[in-house]
Amino acid sequence: MNLHEYQSKNLFAQFGIPTPKGKVVTSPQEAYDVAKELGGTVVVKAQVLTGGRGKAGGVKLARNPDEAAEKAEAILGMTIKGLIVHKVLIDPAADIRQELYLSVTNDRAARKPLMMGSAEGGMDIEQVNRETPEKIVREHIDPFLGLRDYQARNIASGIRLPREHWKQFTDIARNLFRCFQECDATLAEINPLVITGAGTMLALDGKMTIDDNALFRHPDLAEMRDLQAEPPEETRARAAGLNYIKLDGDIGCMVNGAGLAMTTMDITKDVAARMGINGSGPANFLDIGGGAQADKVAAALRIILSDPKVKAVLLNIFGGITRCDEVAKGILQARNEVKMDVPMVIRLAGTNAAEGRAIIDGANLPNLQSATTLVDAAEKAVLAARAAKEAKH
Ligand code: GDP
Ligand code: MN
């Protein structure tokens, strides 16, 4: 789960990292009020879950409350990388002398958290990493020992930070790691971490990603989820207890088990490429889980079909704990409830597969094919999707 800038900076502040004392608002009038309360120049910042807001025109300085209202009016409702701006942060403007970069992520290959620092702050760090990787200083952190002060000083020296800032920098680095660890984050990033004209350090931008699998023990963080900021299908899937991730292909995939779901996606994509059908592939990742009951299957089908890009549905069930006859009942139930004019390819294998197939055959549904192997199922789905698209033209 990604947090907004204002949420990330609130967490940073709780961990003792200096941040601007601004407020998030949803209207120009509120922007006016906050700017007036803060006094002086403010910065109006779009709160959307993506980087590069500055370049996209989502970060603007305002010298007085009237200008703050004007900039808020312009930024609210704006679209940045496909995301609509519903909120803006009004921060007191900082007097920036230098912009630095500081982050903690997990380095899976090293099986340790990794702190990265750079004097090239404020820029796209992926670009710095591609073009001038030597400008990023890295320190792996032993999770049992935490960040040691010498490691923070290694980074300070590596990025040629003037001595007078080392004390503040090591405090911020230590607190950023604590924030990362205690929040069960997979990313905690400050870009830019600035040195102000007055010579103090301030986290001007913040980005945190929290491990979804740890949210159960952070109810306060779980509550921060911005439902406006994720595809509505994903919200509904979570409510139904389904693991769903929207992608941009044309074949809706309904599978039990995460590993089988990934295999199904890979094979579908591979089969489409081999058949020379450009742009065809999985429209989603969806794991209906073990022991899927009829209503869960129905919920999954509704979510898949709500994506207008879906031109065919591929159902791949390996019955173990999940019984194929239960899944088959779910399909019939869903087709009673949801108007379905999209062709469907079904592959059932394992527990009660024969019973499942009998249920589906007995229902005499139009637009339905069964398949025996996964490759066979993928080929049929790719062809069905293409036929559906051609029929439309
Ligand atoms: P991002 O583009 O989404 O990463 O948004 P940031 O919050 O990092 O802002 C982008 C850039 O806007 C920063 O790198 C700064 O150069 C500039 N900026 C942000 N806040 C302020 C501020 O308070 N004062 C000034 N002068 N510039 C700011
Ligand atoms: Mn930034």
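**Of the chain's 393 residues, 49% count as buried.** Buried means a relative accessible area under 20%, exposed means over 50%, and partly exposed falls in between (1.4 Å probe, protein chains only). This is a predicted model, where local features need pLDDT of at least 70 and side-chain atom pairs count only at pLDDT 80 or more, while totals for chains, interfaces and linings use all residues. Residues are numbered from 1 along each chain as its sequence is written, chains are lettered from A and ligands numbered from 1 in the order in which they are written, and side-chain values use heavy atoms, leaving out hydrogens and water. The chain has 13 helices and 19 strands, which are DSSP runs numbered from the N terminus (helices: H or I, at least four residues; strands: E, at least two). Its C-alpha atoms fill a box of roughly 80 × 50 × 40 Å along the principal axes.

**Ligand 1 sits in the largest pocket.** A pocket is an open set of points on a 1 Å grid over the protein atoms alone, with protein on both sides within 12 Å along at least five of seven lines; a molecule sits in it if more than half of its atoms lie within 2 Å of its grid points. Strand 3 (42-46), strand 4 (59-62), strand 8 (96-107) and strand 11 each give two or more residues to the shell around ligand 1. In total, 17 residues surround the ligand, the closest being K45, R53, G54, A94 and E99; to count, a residue needs a heavy atom within 4 Å.

**Zoom in on the backbone, and G52, G54 and A94 turn up beside oxygen atoms of ligand 1.** For G54, a backbone N or O atom lies 2.8 Å from a ligand oxygen. A polar backbone atom of A94 is also 2.8 Å from an oxygen of the ligand, and for G52 the figure is 3.3 Å. On its own ligand 1 exposes 560 Å², and the protein buries 79% of that (Shrake-Rupley method, 1.4 Å probe).

**N191 and D205 are the protein donors of the manganese ion, ligand 2.** N191 uses O and D205 uses OD, at 2.2 to 2.3 Å from the ion. Donors are N, O and S atoms within 2.8 Å of the metal (3.2 Å for Na, K and Ca), and sites may look incomplete because water is not among the atoms. The two residues are 14 apart: N191 is in strand 11 (residues 185-196), and D205 is in the loop between strand 12 (201-203) and strand 13 (207-210). Both N191 and D205 are buried.

**Here's a bend in the usual rules: the peptide bond from N191 to P192 is cis.** Its omega is near 10 degrees, and P192 lies in strand 11. Most residues other than glycine have a negative phi, and most peptide bonds are trans.

**Two loop residues, K81 and N364, have a positive phi without being glycine.** K81 has a phi of about 45 degrees and belongs to the loop between strand 5 (79-80) and strand 6 (83-84). N364 has a phi near 55 degrees and is found between helix 12 (353-363) and strand 19 (368-370). K81 counts as exposed because its relative accessible area is 61%; N364 is exposed too, at 66%.

**Buried or exposed: which is S103 in strand 8?** S103 is buried, because its relative accessibility is 0%. Its side chain makes a polar contact with the side chain of Y101 at 3.0 Å. A polar contact is a pair of N or O atoms within 3.5 Å; within protein, one must be able to donate a hydrogen and the other to accept it, and residues adjacent in sequence count only if both atoms are side-chain atoms.

Note on methods: 1 Å grid on protein atoms, 1.4 Å probe; cavity = no way out; pocket = protein on both sides within 12 Å on 5 of 7 lines; lining within 4 Å.
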